[in-house]
Amino acid sequence: MLIKNILVIENAFSQPKKADILIENGIIKKVGNIEGVGIDLSGKVAFPAFYNTHTHAAMSLMRGVSDDDPLDVWLFEKVLPLEDSLNEEMVYYGTMVSMMEMARNGIAGFIDMYFFLDSVAEAVKDFGMRALITRGLVDENGEDNGRLKENLEFIERWHDFDGRISGGLGPHSPYLCSKGYLQKISAAAKEYNVPVHMHLYESAWERDKYDAKEILEFFKDVKLIIAHAVQFKENELEALSRENFFVSHNPSSNLKLGNGIAPVAEMLKKGVKVTVGTDGAASNNTLDILHEMRLAALIQKAKNPTNMKVEEVLNMTTKVAAEAFGLNAGEIKDGMLADIVIFDTSDISCLPVENIKSHIVHSRCKVFATMVAGRWIYYNGMFPTINESEILYKFKKLSQKLLKKEISEIHRSSI
Ligand code: NI
């Protein structure tokens, strides 16, 4: 594929320049003046696509179920009872609809934590996105009903599928995993050489009961993606600033569930690798990384307007997020994965185009298209890889069934 006459922003720190982009086998082959006939995207801007580093994609089925509750009520009283009734088909369509929303917002890949992992992976395979898929792992006194085994078997089945799908391990949190279980998961991650994805210090009550430093120590030799990290004090941030640790900052979810504001500006000063996640649609309630970037910037600017510069925020969602994911991506240059978002500079939110990077973070610039591995997964309002109306029809039927609790079959052991 050859894209002609587009304004290319190579990475978060560079300025737009007019160029053509040649893509071969999912890789950016060349950026510059290229002879040949291609698709003319003059008047548009190409930027490295975004990665959402924490979500539970299938939760789009539960969007809006609990908008005014604290985390414990949200989780234990509203979400878990519904999750008991989920089945494979629901997880497939829930994941699919979330990917449509993510693609529409310039996201090329996501790090997921859920269950019925084969359904998640099948949806990702069919839609054409990237995903690092982890199973939510919980135990009671060391007994996990085979969840870790299931997670490892999934990794064996799907690891590096089509270069787009990979697996990791997803211990839910210190409050749903015993210490012994966390150590076992860490050992398995080392053996399989896969990342670990875990919620940590999301809420104040979690902080009162668990020592994050001790838990982080369990994972010192593996790649760890830490969702939330809201409750860290400034003098504890050193523990997060390891080469192999990544924080996934989820500002909407943290504010909405009353968990607070993660000390992101302080983390960045300490060299912590911070990325951005949306969390699931049951807590956010959108999967809009552009909105998330703006919010992430604004809540730190409330303390000091020089915090969270545009370039810094864009780097978090592209280059740093790609590193968390383990992808050679996050820049539009030769040899990188062809994951690209195209912005529509004819839209008023993207004007004046001279300040386009500012608009991406602060003005909700309009996404025209999203490309993953050289293939359009979203293009000018359409989703070329799927049958949109059929998917939405199925999603509506299944979510209605779920929310009315018409499911007779109970899947508690799967959760
Ligand atoms: Ni989460």
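The exercises below, each with a worked solution, concern side-chain contacts and a metal site in a predicted model.

**Exercise 1. The nickel site**

Identify the donor atoms of the nickel ion and classify the geometry of its site.

Solution.
- Step 1. The nickel ion is coordinated by NE2 of H54, NE2 of H56, NE2 of H199 and an OD atom of D279. The distances run from 2.1 to 2.4 Å.
- Step 2. Among the four donor atoms the angles span 86 to 175°. A tetrahedral site would need all angles between 85 and 135 degrees, and the site of the nickel ion counts as irregular.
- Step 3. Along the sequence, the donor residues follow the spacing H-x1-H-x142-H-x79-D.
- Step 4. H56 and H199 link distant parts of the chain, being 143 residues apart. H56 lies in the loop between β6 (50-55) and α1 (71-83), while H199 belongs to strand β10 (residues 196-200).
- Step 5. H56 has a relative accessibility of 8% and so counts as buried. H199 is buried as well, at 4%.

**Exercise 2. A salt bridge between two loops**

Find which parts of the chain are tied together by the salt bridge of E238 and K270, and decide whether each residue is buried, partly exposed or exposed.

Solution.
- Step 1. The side chains of E238 and K270 form a salt bridge with an N to O distance of 3.9 Å. The cut-off for such a pair is 4 Å.
- Step 2. E238 sits in the loop between β11 (224-228) and β12 (245-249), and K270 in the loop between α9 (264-269) and β13 (273-276), so the bridge ties together parts 32 residues apart in sequence.
- Step 3. With 53% relative accessibility, E238 is exposed because the limit for that class is over 50%. K270, at 34%, is partly exposed.
- Step 4. Leaving aside residues up to four places away in sequence, K270 touches E234, L237, E238 and S241.
- Step 5. For a distance across the model, take the C-alpha atoms of K270 and S98: they are 33 Å apart, with the two positions 172 residues apart along the chain.

**Exercise 3. Further salt bridges**

State how many salt bridges the model holds, then work through the pairs K273 with E243 and K357 with E311.

Solution.
- Step 1. The count is 23 salt bridges.
- Step 2. In the bridge of K273 with E243, the closest N and O atoms are 3.4 Å apart. K273 is in strand β13 and E243 in the loop between β11 and β12, so that distant parts of the chain, 30 residues apart, are linked.
- Step 3. K273 is buried, with a relative accessible area of 15%, whereas E243 is exposed at 63%.
- Step 4. E243 and K273 also belong to a network of salt bridges together with E323.
- Step 5. K357 and E311 form a salt bridge whose closest N and O atoms are 3.4 Å apart. This pair links helix α13 (residues 356-362), which holds K357, to helix α11 (residues 310-317), which holds E311, across 46 residues.
- Step 6. K357 is buried at 6% relative accessibility, and E311 is partly exposed at 27%.

**Exercise 4. Aromatic pairs and charges over rings**

Classify the ring pairs F368 with Y379 and Y378 with F383, and name the charged residues that lie over F368 and F245.

Solution.
- Step 1. A pair of aromatic rings is described by the distance of the centres and the angle of the planes. The structure holds 14 aromatic pairs.
- Step 2. For F368 and Y379 the ring centres are 5.0 Å apart and the planes meet at 70°, so the pair is edge-to-face.
- Step 3. F368 is in strand β15 (residues 367-372) and Y379 in strand β16 (residues 375-379), eleven residues apart. F368 is buried, at 9% relative accessible area, and Y379 is partly exposed, at 22%.
- Step 4. For Y378 and F383 the values are 5.3 Å centre to centre and 50° between the planes, and the pair is tilted. Both residues are buried.
- Step 5. One aromatic cluster is made up of F47, F50 and F343.
- Step 6. K44 lies over the face of F368, 4.5 Å from the ring centre. Over the ring of F245 sits the charged end of R242, 5.5 Å from the centre.

Definitions and conventions. Residues are numbered from 1 along each chain as its sequence is written. This is a predicted model: local features need pLDDT of at least 70, side-chain atom pairs count only at pLDDT 80 or more; totals for chains, interfaces and linings use all residues. Side-chain values use heavy atoms; hydrogens and water are left out. Helices (H or I, at least four residues) and strands (E, at least two) are DSSP runs, numbered from the N terminus. Buried means under 20% relative accessible area, exposed over 50%, partly exposed in between (1.4 Å probe, protein chains only). Rings of Phe, Tyr and Trp (its six-membered ring) pair if their centres lie within 6.5 Å; planes under 30 degrees apart count as stacked, over 60 as edge-to-face and the rest as tilted. A charge sits over a ring if NZ of Lys or CZ of Arg is within 6 Å of the ring centre and within 35 degrees of the ring normal. Donors are N, O and S atoms within 2.8 Å of the metal (3.2 Å for Na, K and Ca); water is not among the atoms, so sites may look incomplete. Four donors count as tetrahedral if all angles lie between 85 and 135 degrees; four count as square planar and six as octahedral if opposite donors are over 155 degrees apart and all others between 65 and 115; anything else is irregular. Contact means heavy atoms within 4.5 Å.
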